[in-house]
Amino acid sequence: MRFLTALCAFLALIVPARALDKVSFGTNWRAEAEHGGFYQALADGTYAKYGLDVTILQGGPQINNRLLLAAGRIDFDMGANMIQAFDSVAQNVPIVAVASMFQKDPFILMSHPNAGYDHFTDLPRATAFVGNDAFVTVYQWLKQTYGFSEDKVKIYTFNSAPFIADKNSIQQGYVTSEPYAIAHQAGFKPNVFLAADFGYQSYSTTIETRRDLIDKNPDLVRRFVEASIIGWYHYLYGDNAKANALIRADNPDITEDQLAYSIAALRKYGIADSGDALKLGIGAMTDARMKAFFAQMVAAKLFKPDLDYKRAYTLAFVDHGVGVGLRPK
């Protein structure tokens, strides 16, 4: 027995460990809690356990990691929503969504409390501060579904001062950030309306890759997806201090208080862990949900009904219950 133990120890010294596969992953904005599961998998060694040496490349206002993915310069990127993925099909760009970390798109509308806009049905009457990207996407769904008007729109330049000054206005945002900012800047808690809770069915914070990588190395894609899923469970329900330290190292402008608020919002609204994810695991996607959302976008005139939208995603790497046991009982 002692001989075998000594032999194993000797072999461990002379046989080199298998090299980790280098993987690059680009996010869609500067580091924040909305990216926390990926940083968690890096910080706690989950990616390494899956044989991956992952480099996270944060996005920003002057960085488009999606273009880098299409050009073959990175391996994976973070998609904002399925509209981007459908558009890739329309433009014949071979980018495919392989997982969705968020079951609910965190897009919100906010209003002033006690100003006559305390219910979602009140909002179409208000002046709407909406950014260009949201105007041509989710706002078109709001028009078609709830009667919002383009005449009410003023361009949101990511400065909340006009909204704060006008009690008869609403403003777009994300449930994890803008309500926090308004409370600190203006001293009041805005009404928050999560579009997903009113029927907007897009997935969000997707993992995307190129079709050629799926074809050539599906095991690499599987390992990255599954390690990221586990990272998200650990970030939401475990010790996320090391992940937050990495986030703050990449983005020194974000505060611990902001991170804590965002994590609490992710949990409260079930952004990552709700719906199909409760049974199938974080990252879940389904054909039924994709079909329903595509129908919404066709009705909103964003896409033609004959688009082969199923080319925008694959279910091969999700819906296997990975990590479900990590959710607190």
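1. The largest cavity has a volume of about 40 Å³. The structure holds one cavity of 30 Å³ or more. Keep in mind that this is a predicted model.

2. Which residues line the largest cavity? Start with E226 and I229, then take L280, G281 and I282. The rest of the lining comes from F317, V318, D319, H320, G321 and V322. By character, the lining of the largest cavity divides into six nonpolar, three polar and two charged residues. E226 and D319 are on the lining list and count as charged.

3. Next, strand β8. This strand covers residues 169–174. Is it mostly covered or mostly open? Mostly covered: five of the six residues in β8 are buried.

4. Strand β8 has a partner in β5, residues 107–111. The two strands run antiparallel, and five bridges join them. Within this pairing, F107 stands opposite Y174 of β8.

5. Strand β6, residues 127–130, also pairs with β8. Here the sense is parallel, over three bridges. F129 stands opposite Q171 in β8. So to trace β8 on the model, look for an antiparallel link to β5 and a parallel link to β6.

6. How confident is the predictor? The chain averages a pLDDT of 94. A score of at least 70 is reached by 95% of the residues. Residues 1–16 are another matter: over this stretch the pLDDT is below 50. Beyond near neighbours in sequence, residues 1–16 have zero contacts in the model.

Key. Residues are numbered from 1 along each chain as its sequence is written. This is a predicted model: local features need pLDDT of at least 70, side-chain atom pairs count only at pLDDT 80 or more; totals for chains, interfaces and linings use all residues. Side-chain values use heavy atoms; hydrogens and water are left out. pLDDT is the predictor's confidence in each residue, from 0 to 100. Contact means heavy atoms within 4.5 Å. On a 1 Å grid over the protein atoms alone, a cavity is a set of points where a 1.4 Å probe fits but cannot get out, and a pocket is an open set with protein on both sides within 12 Å along at least five of seven lines; lining residues have an atom within 4 Å of a point. Grid points are joined across faces, edges and corners, and a volume is the space filled by probe spheres set on the points. Buried means under 20% relative accessible area, exposed over 50%, partly exposed in between (1.4 Å probe, protein chains only). Helices (H or I, at least four residues) and strands (E, at least two) are DSSP runs, numbered from the N terminus. Two strands pair if DSSP finds at least two bridges between them.
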